Amino acid sequence: MARKPVKRASHKNDSRPPSKAGRPTRSEMGEVRIIGGDWRGRKLPVLTAEGLRPTSDRVRETLFNWLQFETPGASCLDVFSGSGALGFEALSRGAKQVIFLELVAANAKQLKTNLSTLKADQAEVVQADSLQWLAQPANQVFDVIFLDPPFHQGLMQPAMDLLFKNGYANDRSWLYIEQEKQLDWPKLPDGWVCHREKTTSQVRFGLWYREESED
């Protein structure tokens, strides 16, 4: 699943790297907590870089309750990984594979460190611009796709279009969307419907699937 390195472009976590080119200081580190599965309660360090917005515990708990029968054995794609909270949660709950896409080198390095700590050899971190990566024909179809782009950058619809155009999703895939509270849902291909959705004080999130045709 490895891809040719691509040039860096501005999107989700294109934020300032830690001050001092070396190891981040304590003040530059935060954490995410895995809330269910084999690693329940584990806390993983993440950079507290500007623009890094991990999916909250509350939202993740709701999402993975919706996906409780879909996650075990699933191949997952975390399109705009950031802290990796969604991908780590999926791995903890039995996903057989997770591909993390992350633009910023420091964030990608931290994702790899956390995977090593967890001994999660069924996952891969790809440092790349997500839209450029999705612009290439898919080598595989994913069972669950997490689409949580950075806010206020207009990346949702382009990413959505590429997922379907290049074959990363099919009629059996589940698609998770997280976006700004005030926005309308992006346009999906005909036949795709919202299975569940919720809104918090800051975000709107939903789980989508392809409705079977009656023909």
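Buried residues, meaning those under 20% relative accessible area (exposed is over 50%, partly exposed in between; 1.4 Å probe, protein chains only), make up 50% of the 215 residues in the chain. The model is predicted: local features need pLDDT of at least 70, side-chain atom pairs count only at pLDDT 80 or more, and totals for chains, interfaces and linings use all residues. Residues are numbered from 1 along each chain as its sequence is written, and side-chain values use heavy atoms, with hydrogens and water left out.

**Exercise 1. Elements of the chain**

State how many helices and strands the chain has, and give their order.

Solution. Helices (H or I, at least four residues) and strands (E, at least two) are taken as DSSP runs, numbered from the N terminus. The chain holds five helices and nine strands. Read from the N terminus, the order is β-β-α-β-α-β-α-β-α-β-α-β-β-β.

**Exercise 2. The unit around α3**

Determine how β4 and β5 pair, and describe the unit they make with helix α3.

Solution. Two strands pair if DSSP finds at least two bridges between them. Strand β4 (residues 97-102) and strand β5 (residues 123-127) are joined by five bridges in the parallel sense. One residue of the pairing is Glu102, whose bridge partner in β5 is Gln127. Next, add helix α3 (residues 105-118): β4, α3 and β5 form a right-handed β-α-β unit. Right-handed here means that, with the strands pointing away from the viewer, the path from the first strand over the helix to the second runs clockwise.

**Exercise 3. Helix α2**

Decide whether helix α2 is largely enclosed or open, and inspect the residue Gly94 just after it.

Solution. Helix α2 spans residues 85-92, and eight of its eight residues are buried, so the helix is largely enclosed by the rest of the structure. Among them are Leu86, Phe88, Glu89 and Leu91. Just after α2, Gly94 has a positive phi of about 100°.

**Exercise 4. Positive phi outside glycine**

Locate Lys119 and His152, and classify each as buried or exposed.

Solution. Most residues other than glycine have a negative phi, and most peptide bonds are trans. Lys119 is not a glycine, yet its phi is positive, about 60°. Lys119 sits in the loop between α3 and β5. With a relative accessible area of 71%, Lys119 is exposed. His152 also has a positive phi, near 65°. The loop that holds His152 runs between β6 (144-147) and α5 (156-165). At a relative accessible area of 66%, His152 is exposed.

**Exercise 5. Polar contacts of two buried residues**

Find the polar partners of the side chains of Arg204 and Asp129.

Solution. A polar contact is a pair of N or O atoms within 3.5 Å; within protein, one must be able to donate a hydrogen and the other to accept it, and residues adjacent in sequence count only if both atoms are side-chain atoms. Arg204 lies in strand β9 (residues 203-210), and its 17% relative accessibility makes it buried. A polar atom of the Arg204 side chain lies 3.0 Å from the backbone oxygen of Leu183. The Arg204 side chain also makes a polar contact with the side chain of Glu197, at 3.3 Å. Asp129, in the loop between β5 and α4 (130-134), is buried at 4% relative accessibility. A polar atom of the Asp129 side chain is 3.0 Å from the backbone nitrogen of Gln132.
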